Amino acid sequence: MNYFSGIIDLPWWGYGIVVLILTHISIASVTIFLHRHQAHRALDLSPSISHFFRFWLWFATGMVTKEWVAVHRKHHAKCEKEGDPHSPHVHGLRKVFWEGAELYRQQSKAPQTLERYGHLTPDDWIEKNIYSKHSAKGVALMLIISVILFGPIGLTMWAIQMLWIPVMAAGVINGVGHYWGYRNFETPDESKNILPWGIIIGGEELHNNHHAYPTSAKLSSTWYEFDIGWMYIRILEILGLANVKHIPSTLILDEQKKTCDEKTVVALIEHRYYFIHELRRAMDSDSQNLFTQDLLKEIQSVWEDKNAKIENLAEKLESWCKKVKCLQVASLDVFAQKLRMSVLK
Ligand SMILES: [Zn+2]
Ligand SMILES: [Zn+2]
């Protein structure tokens with residue numbers, strides 16, 4: 001055996017495939033374990049699979065669960081405002097894209113951030129004594145194994161993996177995901193869906209959908225969108241290794257329904273960013289009148305008023321629809337009719 005060529009000898013493209021598989025496992029660990037399971041509690045994972053992800057993140061990325069979760073929850077809490085750890089609208093796209101990992105590192109070392117947002121993350125013996133305490137030793141071990149297995153090219157393979165998460169997650173999602181792409185939902189932030197097919201970054205490409213339904217385990221929302229992370233979660237669920245706790249309810253139109261009732265209010269609140277998106281489209285198509293901003297504010301007040309009784313909200317919504325009818329704008333009238341028929345399946 002020639003030591004310098006490593007234990008495993010592959011054609012050049014074979015090394016590329018190995019790197020792609022290993023980086024993909026890291027991406028899956030970030031999106032399924034860190035993001036959907038730990039930060040948002042959208043699904044439960046069995047102890048075995050959960051531990052596999054924890055080990056892999058230590059071994060292949062050096063990231064500490066509590067730190068990642070705290071920085072991410074802070075992003076949702078302060079989104080696009082001062083205090084958002086990585087908004088391109090606060091820090092500039094260039095900085096978030098090229099120095100995203102550094103922005104993350106600064107925040108992850110801030111004790112206030114960890115205390116305020118890092119709750120309910122792993123705190124067992126192995127976390128305290130190995131994963132958190134020796135967070136850099138996993139990637140060092142990976143480097144040694146990589147060189148033993150593949151020889152000198154193992155160093156390059158390892159370096160690509162070390163760059164993959166900072167570039168893809170910190171740079172592309174945190175930067176581009178709040179800058180370029182399309183929107184299905186009129187969320188109060190600038191989040192965008194970068195691509196409708198979420199494969200390379202595990203489904204995280206669908207970032208506008210995620211901000212619309214942050215506690216959902218599924219990130220795709222229309223028939224042409226694909227979320228590979230969701231596919232893995234469904235496979236894990238079929239194998240009995242995961243349990244999905246939340247995905248958005250399906251919105252349907254009940255043709256018999258002619259007025260807004262409590263069911264309409266429930267549907268509107270769950271899918272509020274979809275409705276605002278539709279309302280804005282209805283406004284753009286053939287009305288530019290002075291009432292539109294007031295109409296938006298009025299419909300927003302339905303979910304902003306936390307103390308109102310649901311029956312009063314239904315009445316408010318019905319009078320909103322009547323007011324829209326008086327405006328005699330066809331596209332707004334269609335919107336109001338659809339709203340009246342909307343219910344959750
Ligand atoms: Zn975001
Ligand atoms: Zn999130």
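His40 counts as buried, at 13% relative accessibility. Buried means under 20% relative accessible area, exposed over 50%, and partly exposed in between, with a 1.4 Å probe and protein chains only. This is a predicted model, in which local features need pLDDT of at least 70, side-chain atom pairs count only at pLDDT 80 or more, and totals for chains, interfaces and linings use all residues. Residues are numbered from 1 along each chain as its sequence is written, chains are lettered from A and ligands numbered from 1 in the order in which they are written, and side-chain values use heavy atoms, with hydrogens and water left out.

Now to the metal that His40 binds. The zinc ion (ligand 2) has the protein donors His35 (NE2), His40 (NE2), His72 (NE2), His76 (NE2) and His210 (NE2). They lie 2.0 to 2.2 Å from the zinc ion. Donors are N, O and S atoms within 2.8 Å of the metal (3.2 Å for Na, K and Ca); water is not among the atoms, so sites may look incomplete. Along the chain, the donors are spaced as H-x4-H-x31-H-x3-H-x133-H. Two of them, His40 and His210, link distant parts of the chain, 170 residues apart. His40 sits in the loop between α1 (12-39) and β1 (43-45), while His210 sits in helix α10 (residues 207-212). Helices (H or I, at least four residues) and strands (E, at least two) are DSSP runs, numbered from the N terminus. His210 is buried, with a relative accessible area of 3%.

His35 belongs to helix α1. With a relative accessible area of 2%, His35 is buried. Setting aside neighbours within four places in sequence, His35 is in contact with Val30, His40, Trp68, His72, His76, Glu204 and His210. Contact means heavy atoms within 4.5 Å. The other zinc donors, His40, His72, His76 and His210, are thus among the contacts of His35.

Next come the spaces in the protein. Rolling a probe the size of a water molecule over the atoms shows where empty space is left. The search uses a 1 Å grid over the protein atoms alone. A cavity is a set of points where a 1.4 Å probe fits but cannot get out. A pocket is an open set with protein on both sides within 12 Å along at least five of seven lines. Lining residues have an atom within 4 Å of a point. Grid points are joined across faces, edges and corners, and a volume is the space filled by probe spheres set on the points.

The largest pocket holds about 780 Å³ of space. It is lined by 31 residues, and Phe185, Ser221, Leu251, His271 and Tyr274 are the closest to its centre. α10, β5 (251-253), α13 (272-286) and α16 (330-341) each give two or more residues to this lining. The largest share, six residues, comes from α13. Domain 1 (3-244) and domain 2 (251-344) each contribute at least three residues to the lining; the domain bounds come from an automatic or database domain assignment. By class, the lining has 13 nonpolar, 13 polar and five charged residues. Ala, Val, Leu, Ile, Met, Phe, Trp, Tyr, Cys and Pro count as nonpolar, Asp, Glu, Lys and Arg as charged, and the others, Gly among them, as polar.

The second largest pocket has a volume of about 620 Å³. Of its 30 lining residues, Met63, Trp68, Tyr104, Ile165 and Pro166 lie nearest the centre. Trp68 is also a contact of His35. α1, α3 (65-77), α5 (93-108) and α9 (153-175) each supply at least two residues of the lining. α9 gives the most, eight residues. The lining divides into 16 nonpolar, 10 polar and four charged residues.

The structure holds one cavity of 30 Å³ or more. The largest cavity has a volume of about 50 Å³. Arg54, Leu57, Trp58, Met63, Val64, Thr65, Glu127 and Tyr131 line the largest cavity. α2 (47-60) and α7 (125-131) each supply at least two of these residues, and the largest share, three residues, comes from α2.

Two further residues round off the tour. Glu318 lies in helix α15 (residues 310-327) and counts as buried, at 9% relative accessibility. Beyond its neighbours within four places in sequence, Glu318 is in contact with Thr259, Cys260 and Arg340. Ala140, in helix α8 (residues 137-150), counts as partly exposed at 36% relative accessibility. Its C-alpha atom is separated by 9.2 Å from that of Gly62, 78 residues apart along the chain.
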